[in-house]
Amino acid sequence: SLSKLQLKTGDLDPRLFSRLRHLQKLDLSDNLLDKFPNSLTLPDLRVLNCNNNKLEDVTALKQFPLLEELTYENNVYLTLNDDYKVMFLLQNLRLLNGKDITKLANHVRRVNSRKLTSKVTAHWEKFFRDQLPEKYTTEQVKTIKKKFLKSVQTNVVYGPSSLSEFTRWRVKMIAEEFLACSLGLELSTDPEPEEKMDESEEESTESPREAAEDVDQVGDFSSYVTVVPSKRKRNHSKTGSGNKKSKSRANAEEEAEDVSAEPLHFLQCHSKGNSREDFKTQLWSCVFEPLLDCGARKDPIVSSSRTVATCGGESVCLIDCETGTVLKKYKVATEEFFSVAWTTLTMVISDSRKKSHNILAAAGRRGIVKLIHVAADFCYGEIKAHKKPIATVCFSPTRETHLFTASYDKRIALWDIGIPDCDYNFKASQLLVLESLSIPLRIALVPAYPDQYLLAGCEGGCFAWNIKLDKEQKSRPFEATFQFPDEDGSVTSSHRVDGLAFLNDDVVVSKSSKPGCIYLWSWSRSFDTKGKGYQRTVAAVILAELEWSTTDLSYLTLSTCPAKDYVFCGDEKGSVWLYHLSNYTTAWSSAKGKRSERRIPPTQILKWPELRANGEQLTEVLINNVVADPTFNYLVVLTSVNITAIWKKS
C-alpha cells in the first residue's frame with residue numbers, strides 16, 4: 001500500500017518497481033499521479049487501486065496484462081472513453097470500479113472490433129485502394145497512409161457520440177494494423193500536423209450512427225443524425241465571387257474564384273427524445289470554447305479551438321466543427337435552453353495544485369442557470385436566478401466568476417458564481433439587479449469599460465446601465481436610452497432591439513424592428529460617461545447602415561468577429577449575410593469620422609443548400625443565430641428546423 005503519500009508520477013521509480021516481480025496487489029489511491037510511467041513492468045500485478053488521483057490517460061496500463069481488478073474513481077479527467085480503452089487493452093480485466101464488466105468487455109473486444117474493422121476495410125476499398133499504383137514509391141505510400149488515417153478517423157463512426165474519442169482511437173489502431181498486415185505498408189506513425197482535408201474526405205461516408213448494443217452503459221449521451229446535403233447551391237455573392245470547386249475537379253477545370261465559406265456539416269443533434277423526425281426544435285445560442293492547454297488529454301484530432309457549445313430544446317451539445325462530431329450532450333427533459341456562455345476558472349481539485357478549467361453556463365425557460373464542468377462530464381450546480389425565463393447570459397471578460405443573466409422578468413442580474421472546491425461545493429451570490437422597462441433580449445459589456453457599463457437590446461429599446469460595484473445601490477434603473485432613426489425619418493427610442501454586439505472597442509452593431517436595416521453606431525460619441533443622472537435619452541451617433549433582409553420577423557440575431565472586422569446575420573430564407581468592414585473601421589475611429597451615406601451591402605450572402613430529410617426537402621428555414629470562432633475559421637449557423645450548419649472559411 002502506497003496510499004496517501006502525496007506521490008507524483010516522478011516518484012514511481014521504474015528501477016525499483018521492475019524488481020517487484022511477484023507483486024500482485026498495489027494501492028496507489030489518494031495521491032497526485034497524473035499518469036503512469038511506461039516501464040514499471042510488474043508482470044504479476046492482478047489488483048490496482050488508483051482512486052483519487054489526477055490521471056489523464058489510461059493507455060500505459062496495458063503494461064499490466066494480468067490485471068483483473070482496477071479502480072480509478074475520482075480522477076476528474078477520465079471519462080467513459082477511458083473505461084472502454086482499458087476494457088480493450090486489459091484482456092483479463094473482470095472488475096472495473098467495482099463493477100463486473102466481463103460481458104461488456106467481451107463486446108468491446110469482439111463485436112466492436114469486428115464492426116470497426118469491417119468499416120475501416122470498406123473505407124479503404126471504396127476510397128483509397130485505387131489511389132495506390134501497382135508499383136509505388138515510399139513517398140507515395142507515406143502520402144496514401146497519411147490521407148487514409150486522417151480520413152478513416154473522421155468518417156468511420158459507430159455507437160453513441162459520447163464514445164467518439166474511443167472510436168477514433170480504435171479506428172486509428174485498426175487502420176494501422178490493416179495497412180501493415182494486409183498491404184505491408186508499415187511506416188512510422190508519428191502524429192502528422194493537421195491540415196484541411198480534401199472535400200471528398202470531409203463528408204461522412206457512413207449512414208447515420210448505429211445504436212450501440214450496450215447503450216444503457218453510456219448514460220445520458222446520445223447519438224445524432226447527420227443530414228447530408230443532396231445538392232449544394234451556388235453561393236451568390238454581392239461582389240460576384242463564384243463557388244469554390246472541389247479539389248478533385250479543380251485540376252480538370254479552370255480555377256474558380258474564391259468564396260468566403262463552404263458548407264461542411266449539417267447536424268440534427270438537439271432532437272426531442274432523440275427523434276430523427278424532429279425538424280421543429282428551435283436552436284438559439286452557440287459560443288466557442290476558450291482555448292485551454294489540455295496537457296496529456298489533448299486529442300490530435302480534436303482541439304478546443306474548434307469546439308462549440310450549442311443549445312436548443314432540452315439539450316446542450318458540444319460539437320467539434322472540423323469533424324462534425326458531437327463530443328458531449330447534456331439534457332434536461334423539462335427545460336428549453338435559450339443561452340450558453342463559457343468562463344475559465346482556476347480550480348483546486350483535492351490538492352494545492354491549481355489548474356484552469358472551462359465551465360459552461362446554460363439557461364432558459366425555467367429561469368435556472370446550470371453550471372457544467374465539461375471535462376468531467378459533470379453538471380455540478382445550478383442557480384435559481386429568476387422566476388421567469390432567462391433570455392440570455394454572459395460572463396464578464398475581466399472577472400471570471402461574474403455572470404449576467406437577462407430575464408423575461410424585465411431584470412438583468414449580476415451573479416458571482418464562486419469557484420467550486422474539490423467536492424464541487426460552491427457559493428453563488430447576487431451582486432446587482434438592473435431594472436429594465438421591457439424584456440432584455442441581448443446584452444453586451446462595453447469593451448472600453450467592461451466593469452462599468454452594460455448595454456442591452458430590449459423589447460422596448462436600447463438601454464445602458466452603470467454596473468460599477470463600488471456604488472451601494474444594489475438595484476438600479478437604466479442610465480440612458482438611445483434614439484435611432486425611424487422609418488418615417490423621425491427618431492424613436494421605442495422599438496424592439498433583437499440584435500446587439502460590439503465590432504470593436506467603440507463601434508456597436510444593433511438590429512431593430514426597422515425592416516431591412518442594421519445600424520453601426522459609436523458608443524463614445526453617443527454616450528457621455530461624465531453625464532449625470534439616470535434615464536437620460538441620448539441620440540445614437542450613426543456611423544453606417546448595413547443593407548439586410550426586408551423581413552419584419554424578429555429574433556434573428558446578429559454577431560461580430562472583431563479580430564477580422566466581420567458582422568454576420570441570418571435571415572428568414574436560410575441565408576447568412578456576411579459584411580467585411582475593415583475598409584470602414586479606420587475612418588470611423590477618427591474623431592471626425594463621417595457617416596457612410598449609402599447603405600453598405602453584404603460582402604457575401606451564403607445561400608441555404610437544398611437539404612433533404614427523409615427524402616423531403618427542408619423548407620422555411622429561419623436563421624436564428626450565426627457565430628464565428630474568434631479567428632473566423634468556422635461559422636456555426638443555428639436554425640428554426642433543428643439543424644446546426646457548420647461552414648468552413650475557404
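Strand E1 and strand E2, residues 47–49, pair in the parallel sense over three bridges. Leu-26 stands opposite Leu-48 in E2. Before going on, I should say that this is a predicted model.

That pair belongs to a wider sheet. Five strands form it, in the order E1-E2-E3-E4-E5, and the sheet is open. Its pairing is mixed. The edges are E1, at residues 25–27, and E5, at residues 99–100, and each of these pairs on one side only. As a reminder, strands of a sheet pair through backbone hydrogen bonds, either parallel or antiparallel.

Now the helices, starting with H2 and H3. H2 covers residues 80–89. How do H2 and H3 cross? Their axes come within 9 Å, at an angle of roughly 80°. Angles from 65 to 115 degrees count as roughly perpendicular, so H2 is roughly perpendicular to H3. On the H2 side, the contact is made by Tyr-84, Met-87 and Phe-88. On the H3 side, the residues are Leu-104, Ala-105, Val-108, Arg-109 and Ser-113. By class, this contact of H2 with H3 has six nonpolar residues, one polar and one charged.

H3 has a second partner to look at. H3 runs over residues 102–128, and it packs against H4, residues 138–155. Here the angle is about 125°, and the axes are 11 Å apart. H3 and H4 are therefore oblique to each other. The crossing of H3 past H4 is right-handed. Which residues make this contact? From H3 they are Val-120, His-123, Trp-124 and Phe-128. From H4 they are Ile-144, Lys-147, Phe-148, Ser-151, Val-152 and Asn-155. The residues in the contact of H3 with H4 divide into six nonpolar, three polar and one charged.

Next, another sheet, further along the chain. Four strands form an open sheet in the order E9-E10-E11-E12, with antiparallel pairing. Which strands are at the edges? They are E9, at 283–288, and E12, at 325–331, each pairing on one side only. Neighbouring strands in this sheet are turned by 20° against each other on average, with direction ignored.

Inside that sheet, take E10 and E11. E10 is residues 307–312 and E11 is residues 315–320, and the two pair in the antiparallel sense over six bridges. For one position in detail, the bridge partner of Thr-310 is Cys-317 in E11.

Last, an annotation. UniProt, in an unreviewed entry, places the feature "repeat: WD" at residues 383–417. What does the model show for that span? Residues 383–417 are 0% helix and 57% strand. The C-alpha atoms at the two ends of the span lie 8 Å apart.

To go back over the helices: H2 is roughly perpendicular to H3, whereas H3 and H4 are oblique to each other. As for the sheets, the pairing is mixed in E1-E2-E3-E4-E5 and antiparallel in E9-E10-E11-E12.

Terms used
Residues numbered from 1 in each chain as written. Predicted model: local features only at pLDDT ≥ 70, side-chain atom pairs only at ≥ 80, totals over all residues. Heavy atoms only, no water. UniProt positions renumbered as here; feature names shortened; annotations may be inferred. Axes fitted to C-alpha atoms, helices over the stretch in contact; angles between N-to-C directions. Parallel < 35°, antiparallel > 145°, perpendicular 65-115°, else oblique. Left-handed = near helix turned anticlockwise from the far one by under 90°. Contact = heavy atoms within 4.5 Å. Nonpolar A, V, L, I, M, F, W, Y, C, P; charged D, E, K, R; others polar. Pairing = 2+ DSSP bridges.
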